[in-house]
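Thank you all for making the time this morning. I would like to walk through the empty spaces in this structure and then its nonpolar cores, so please keep the picture in view as I go.

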Amino acid sequence: MKKEIRIAIAGIGNCASALIQGLFYYKDVKDERNLVPGLMHNLLGGYKISDIKVVAAFDVDKRKVGKDLSEAIFALPNCTKIFCKKIPKMGVKVKMGPVLDGIAPHMRKYPEEKTFVVAKEKPVDIVKELRKSGAEILINYLPVGSQKATEYYANCALKAEIAFINCIPVFIVSNKNWAKKFEKKKLPCIGDDIKSQVGATILHRVLCHLFTQRGVIIDRSYQLNFGGNTDFLNMLSRERLKTKKISKTEAVESQLAKRLSYENLHIGPSDWIPWLKDNKICYIRIEGRKFGNVPIELELKLSVEDSPNSAGCVIDAIRLAKIALDRKIGGPLISASAYLMKHPPQQFTDEKAREMVEEFIKGERER
């Protein structure tokens with residue numbers, strides 16, 4: 001009998017496009033090969049990437065709603081790199097979801113090819129669609145700042161009795177009240193705010209941890225990010241950035257020997273540069289004092305295609321959530337969240353989180 005992991009996706013943007021392209025790009029990878037370029041885990045808990053099947057999809061953009069998912073992932077305003085062009089018809093039609101606070105008001109002021117255009121269709125019954133599709137896991141890829149919309153989809157996952165992976169900085173899995181709801185229903189959840197494979201947060205964390213481990217006192221640091229996709233356009237509205245800033249800042253601060261004031265630690269998006277498209281530029285600076293109180297400074301520039309950078313992490317999250325479903329484990333998955341998310345219920349060093357995930361896969365750790 002073929003093993004299958006049936007997933008639903010809320011938000012068919014660049015990240016969903018990269019994820020789905022990856023499912024087909026890696027579909028012929030054999031499980032006997034341990035090292036595959038771009039994958040942290042080829043085989044995870046007995047599950048291959050080819051075991052993942054998308055069975056439901058939701059969006060609000062008129063250029064995506066009603067289309068087969070294979071077409072919708074390439075529709076505007078998506079602009080991520082196309083590394084797998086030949087996506088066959090998937091037989092999954094993108095259904096209209098509720099808008100709620102999913103679209104910031106300022107987005108309406110920009111050209112259609114750069115922003116969201118809301119479809120005139122009536123939202124479907126999400127819970128009904130999830131049940132009908134047989135989805136086991138719902139992935140949240142909504143825009144940053146979608147507090148009400150994320151809570152709505154989290155509730156839908158609870159009602160449909162499926163697992164939830166929260167890839168954005170709205171605090172669900174790291175919120176005790178929400179965590180209890182998933183635990184009570186015996187449904188696993190992973191979150192919040194997906195890390196990239198090699199992105200700004202993971203680099204900043206590792207460098208701060210290295211400085212601290214080597215006895216360097218960090219006095220000041222910043223991380224500045226800018227890009228040209230709808231994520232950065234959306235984040236021009238600073239009101240939507242409260243939880244994003246908390247998420248990214250705490251991810252880095254957790255690696256410091258002592259907390260820095262907001263005056264001395266600045267982390268966050270800086271601007272939207274349209275021609276960059278899905279390319280993200282990040283600048284990191286760390287100032288500190290080493291032996292003899294002698295100053296040390298580090299400056300780093302990272303340039304990376306943003307959406308594929310997190311897709312491999314989501315593929316691992318999906319399979320870890322499936323393992324938890326198989327084992328009937330409910331509530332936040334501490335190890336998976338610490339390894340894959342910026343704002344997990346509990347922070348650990350990245351080395352420790354990796355160890356914990358490997359223990360979870362082997363059944364040596366419950367969560």
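Let me begin with the second largest pocket, which is lined by Leu-23, Phe-24, Lys-27, Ile-49, Ser-50, Ile-52, Lys-53, Val-54, Pro-88, Lys-89 and Met-90. Two elements, α1 and β2, each give two or more residues to that lining, and β2 gives the most, with three residues. Please bear in mind throughout that what we are looking at is a predicted model. The space in this second largest pocket comes to about 180 Å³, and its lining divides into seven nonpolar residues, one polar and three charged.

The largest pocket, for its part, holds about 230 Å³ of space, and of the 14 residues that line it, Tyr-26, Gly-38, Phe-83, Pro-308 and Ala-311 are the closest to its centre. Here the elements giving two or more residues are α1 and α9, with α9 giving the most, namely four residues. By class, the lining of the largest pocket has eight nonpolar, four polar and two charged residues.

Now to the enclosed spaces: how many cavities of 30 Å³ or more does the structure hold? There are two of them, and the largest has a volume of about 800 Å³. Its lining counts 49 residues, of which Cys-15, Tyr-141, Leu-142, Pro-143 and Asp-231 lie closest to the centre. Among the elements that each supply at least two residues to this lining are α1 (14–25), β2 (52–59) and α4 (147–160), and by class the lining has 24 nonpolar, 14 polar and eleven charged residues.

The second largest cavity holds about 30 Å³, and the residues lining it are Tyr-26, Lys-27, Val-29, Leu-39, Asn-42, Lys-48, Ile-49 and Ser-50. Four of these are nonpolar, two polar and two charged.

Let me turn, finally, to the nonpolar cores. Of the 55 residues in the largest core, those that touch the most other members are Ile-7, Leu-69, Ile-139, Ile-165 and Ile-318, and the largest share of this core, nine residues, comes from helix α9 (residues 308–326). Leaving aside residues up to four places away in sequence, Ile-165 touches Ile-137, Leu-138, Ile-139, Asn-140, Ile-190, Ala-317, Ile-318, Ala-321 and Met-341. There is also a second, separate core of 28 residues, including Tyr-153, Cys-156, Leu-158 and Ala-160.

Terms used. Residues numbered from 1 in each chain as written. Predicted model: local features only at pLDDT ≥ 70, side-chain atom pairs only at ≥ 80, totals over all residues. Heavy atoms only, no water. Core = buried A, V, L, I, M, F, W, Y, C linked by side-chain atoms within 4.5 Å. Buried < 20%, exposed > 50% of the residue type's maximum accessible area, 1.4 Å probe, protein only. Contact = heavy atoms within 4.5 Å. 1 Å grid on protein atoms, 1.4 Å probe; cavity = no way out; pocket = protein on both sides within 12 Å on 5 of 7 lines; lining within 4 Å. Points joined across faces, edges and corners; volume = space filled by probe spheres on them. Nonpolar A, V, L, I, M, F, W, Y, C, P; charged D, E, K, R; others polar.
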